[in-house]
Amino acid sequence: MTHFDALETRSADQRAADLTLDLPALIALAQRTPAMARTLAGVEAASITSAEALAALPLIRKADLSGAQKAYPPLGGFLPPGGAYEHIFQSPGPIYEIGRTTADWWRMGRFLHACGIGRGDIVQNCFGYHLTPAGMIFESGARAVGAAVLPAGTGQTDLQVRAAVDVGSTAYAGTPDYLKVILDRADELGERLSITRAAVGGGALFPSLRREYADRGISVLQCYATADLGNIAYESPAMEGMILDEGVIVEIVRPGTGDPVPVGEVGEVVVTTLNRDYPLVRFATGDLSALMPGVSPCGRSNLRIRGWMGRADQTTKIKGMFVRPEQVAELVARHEEVARARVIALREGEMDTMLVQVESRASNPALYEGSVLEVLKLRGRVEIVTPGTLPNDGKVIEDRRSYG
């Protein structure tokens, strides 16, 4: 299969060279938005020419969007002066996002092309069109690859089956699970569908479900996208991780900080979008993933991530007090010899207890007891572990209490 465009196969040197032009222009534009003018005050846009330089800038979180939109409705000042848009969508929170009808605005065409969807296909789009942008995101991608769309939306499974049969839908877009609902109902009704490809998102595609679809003759690939950012990463037929989209810069940072972690280590996904209509800089998604070494064997040369691996917001209440990832990061920062730390909430009898595991070459746990009390505001047992032995799962707070 030919690639979607030449951007997908750029060399690392060419991608870095392009970034030296794209990033300063994006930062300068973001500085003109009322919200990020404050966040990026004093930053010399011309000096932000690499991912390393970008990592020195502050993060934006969902809570920042929500708070700004309450203070300055409806969009919180995150659009450049005179910014244009055709749609406003609502996500849970509520948080409002813009949408545009310009070509492939959410950059979903790249993913649908990787799925083998294109001209001559009819995509049964079972993402919602009501308030949330998912339906429009995938419809925009279908237009980008020349496919027709049946805007099916969610629910009404009998009608979904009838429409798929009548119009001859050849591809599906929607959540991973709902395709099985349609297929099973078609079997019950004695109908045979023509769907052979599926582009899914919005939930986990479990290996057993992918195998079931393959047994039915349906090739299924998944993407990782959000309402704020559009497409972030997507699978190719190689199915070795998820390839980063060409319109975003992705960092993996230690939860509770903005500090990038090494390749392979699990951390929070932070995205900078090159979208000049909605220039979000270092937007912390709250999702966990990890960068993968090397490149995909399919020929697409961008970095890859391992896919969605959970949530980074691990705030936990222990003994009636909230413990947050930012506090664990502060605890680590206080001691140069500490590589990582992990707070574990336990239950002993009818009482909460706290264990703090610290990766250190030191041998005396008492060295850290004062910092634990001062930073976490709780007393807990400190256990020193060998550097590199804490699990690589992105967790800095683990709740082992049983709620059964």
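**Group meeting: strands, cysteines and a cavity**

Okay, let's start with strand E3, residues 95-99, which is mostly covered: four of its five residues are buried. Before I go on, keep in mind that this is a predicted model.

So what does E3 pair with? Its partner is strand E2, residues 87-91; the two run antiparallel, and five bridges join them. If you want a pair to click on, take glutamine 90, whose bridge partner in E3 is tyrosine 96. E2 and E3 make a hairpin with three residues between the strands. Have a look at glycine 93 in that hairpin, where phi is positive, near 145°.

Now over to the open sheet. Four strands form it, in the order E1-E13-E12-E11, and the pairing is mixed. Which strands sit at the edges? Those are E1, at 60-61, and E11, at 248-253, and each of them pairs on one side only. E11 goes with strand E12, residues 267-273, in the antiparallel sense, and there are six bridges between them. Again, one pair to look at: valine 250 has valine 271 in E12 as its bridge partner.

Right, cysteines. How many disulfides does the structure hold? Zero. Take cysteine 126, which is in no disulfide: the nearest cysteine sulfur belongs to cysteine 223, and that is 15 Å away. Is cysteine 126 buried or exposed? It counts as buried, because its relative accessibility is 4%.

Then there's cysteine 223 itself. Why is there no bond from there? Because the closest cysteine sulfur, the one in cysteine 115, is 7.9 Å away, too far for a bond; the cut-off is within 2.5 Å. Cysteine 223 is buried as well, with a relative accessible area of 9%.

Last stop, the inside. The structure holds one cavity of 30 Å³ or more. The volume of the largest cavity is about 140 Å³. Which residues are closest to its centre? Of the 17 that line it, those are Arg254, Arg340, Ala341, Lys395 and Val396. And where does the largest share of the lining come from? That's helix H10, residues 325-333, which contributes four residues. By type, the lining of the largest cavity divides into 10 nonpolar residues, five charged and two polar.

So, to recap: the E2 and E3 strands run antiparallel, the four-stranded open sheet has mixed pairing, there are zero disulfides, and the largest cavity has 17 lining residues. That's me done, so let's open it up.

Definitions and conventions: Residues numbered from 1 in each chain as written. Predicted model: local features only at pLDDT ≥ 70, side-chain atom pairs only at ≥ 80, totals over all residues. Heavy atoms only, no water. Buried < 20%, exposed > 50% of the residue type's maximum accessible area, 1.4 Å probe, protein only. Pairing = 2+ DSSP bridges. 1 Å grid on protein atoms, 1.4 Å probe; cavity = no way out; pocket = protein on both sides within 12 Å on 5 of 7 lines; lining within 4 Å. Points joined across faces, edges and corners; volume = space filled by probe spheres on them. Nonpolar A, V, L, I, M, F, W, Y, C, P; charged D, E, K, R; others polar.
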